[in-house]
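Work through the exercises below with the sequence and the structure side by side, and try each task before reading its solution.

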Amino acid sequence: MTIGTKMVRDDRTARQIFEDVMANPARAKFGFGEKLAIVNVDFQNAYTRIDEFKTAYETDPRQIEYANTISRLARQKSMPVIWTHVAYMDDASDAGVWGTRTDTPDSLQNIKYGSRRHAFDDRCEIDHAKDAIYTKRMPSAFFETPLQSLLVWHKVDTLVITGGSTSGCIRATAVDSLSRGYRTIVPIETCADKHESYHFANLTDLQLKYADVEPVQTVIDWLEAR
């Protein structure tokens with residue numbers, strides 16, 4: 001007797017599955033707590049400047065604008081804003097095994113400190129006097145960065161995660177966020193990936209398991225009401 005479910009196969013696209021899941025929520029939301037932080041993941045030229053780099057991608061053309069908006073509102077409410085970007089040593093030894101699959105000018109481990117690829121996109125409105133800026137080396141914004149300590153100090157209970165890629169560093173950061181006990185929110189318009197299949201499949205998985213996947217306006221409304 002089978003009491004579970006065999007793996008489902010159908011002809012819907014990843015976008016259609018995501019839309020169906022969002023239209024028919026099956027679980028309660030984690031919701032907002034008392035204080036949030038905005039974690040803007042890897043808004044650097046290597047991943048945002050589609051006019052310059054093969055590694056860059058764009059989903060919603062207003063992505064950075066939306067991230068700027070919620071970051072500005074968070075600052076106004078004395079809630080922390082964090083920006084991460086990726087870079088490696090000249091010999092790439094701090095990329096570890098992650099840097100061994102390819103070795104081209106476009107490869108991850110060849111993003112060097114101070115390079116154009118490492119630099120934040122100049123469309124990002126970063127307040128260097130107030131925002132925390134971390135260089136990370138692995139997918140999660142938590143891994144070997146001071147992020148956890150900062151959140152504890154500020155008594156944060158909710159993380160809003162933006163940036164890219166949805167299937168990589170956003171997902172990894174969201175899973176780590178939930179694992180550390182934070183209410184986790186991923187605003188749809190603020191995330192991007194190279195292919196809509198990866199993007200929507202991972203938004204679906206985040207919504208079902210690890211985060212509240214919400215329109216960015218939901219975050220804007222919450223912040224404006226504080």
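A residue counts as buried when its relative accessible area is under 20%, as exposed when that area is over 50%, and as partly exposed in between. The model used in these exercises is predicted.

**Exercise 1. Decide whether Trp83 and Phe43 are buried or exposed, and describe how their rings meet.**

Step 1. Trp83 has a relative accessible area of 0%, which is under the 20% limit, and therefore Trp83 is buried. Phe43 has a relative accessible area of 1%, so Phe43 is buried as well.

Step 2. The two residues form an aromatic pair of the edge-to-face kind, with 6.1 Å from centre to centre and 65° between the planes.

Step 3. Phe43 belongs to the loop between β1 and α2 (45–48), while Trp83 is in strand β2 (residues 81–86), so the pair ties together parts that lie 40 residues apart in sequence.

Step 4. Ring pairs also bring in Phe120, which joins Phe43 and Trp83 in a cluster.

**Exercise 2. Describe the surroundings of strand β2, beginning with its side chains and ending with the strands that pair with it.**

Step 1. Of the 6 residues of β2, 6 are buried. Val81, Trp83 and His85 point one way from the strand, whereas Ile82, Thr84 and Val86 point the other way.

Step 2. β1 runs parallel to β2 and is joined to it by 4 bridges, and Ile38 stands opposite Val81.

Step 3. β2 also pairs in the parallel sense with strand β3 (residues 132–136), here over 5 bridges, and in this pairing His85 is opposite Thr135.

**Exercise 3. Classify the aromatic pair of Phe32 and Trp222, and say which parts of the chain it links.**

Step 1. The structure holds 6 aromatic pairs. In the one formed by Phe32 and Trp222, the ring centres are 4.8 Å apart and the planes differ by 10°, which makes the pair stacked.

Step 2. The pair links distant parts of the chain, since Phe32 is in the loop between α1 and β1 (36–41) and Trp222 is in helix α7 (residues 216–225), 190 residues apart.

Step 3. Phe32 has 21% relative accessibility and so counts as partly exposed, whereas Trp222, with a relative accessible area of 14%, is buried.

**Exercise 4. Work out how far helix α3 reaches and how much of it is covered.**

Step 1. Helix α3 (residues 63–76) has 14 residues and spans 20 Å from its first C-alpha to its last, close to the 20 Å expected at 1.5 Å a residue.

Step 2. The helix is mostly covered, with 11 of its 14 residues buried, among them Ile64, Tyr66, Ile70 and Leu73.

Step 3. After the helix comes Ser78, which has a positive phi, near 60°.

**Exercise 5. Describe the two largest pockets by volume and by lining.**

Step 1. The largest pocket holds about 530 Å³ of space. It is lined by 21 residues, and the closest to its centre are Tyr47, Trp98, Leu108, Ser165 and Lys194.

Step 2. By class, this lining has 7 nonpolar, 8 polar and 6 charged residues, and helix α5 (residues 166–179) supplies the largest share of it, 3 residues.

Step 3. The second largest pocket has a volume of about 260 Å³, and its lining of 16 residues divides into 10 nonpolar, 1 polar and 5 charged.

Step 4. Nearest the centre of the second largest pocket lie Arg27, Ala28, Lys29, Gln207 and Asp212, and α6 gives the most to the lining, with 4 residues.

Conventions. Residues numbered from 1 in each chain as written. Predicted model: local features only at pLDDT ≥ 70, side-chain atom pairs only at ≥ 80, totals over all residues. Heavy atoms only, no water. Helix = DSSP H or I, 4+ residues; strand = E, 2+ residues; numbered from the N terminus. Expected span 1.5 Å × (residues − 1). Buried < 20%, exposed > 50% of the residue type's maximum accessible area, 1.4 Å probe, protein only. 1 Å grid on protein atoms, 1.4 Å probe; cavity = no way out; pocket = protein on both sides within 12 Å on 5 of 7 lines; lining within 4 Å. Points joined across faces, edges and corners; volume = space filled by probe spheres on them. Nonpolar A, V, L, I, M, F, W, Y, C, P; charged D, E, K, R; others polar. Phe/Tyr/Trp six-rings, centres within 6.5 Å; stacked < 30°, edge-to-face > 60°. Pairing = 2+ DSSP bridges.
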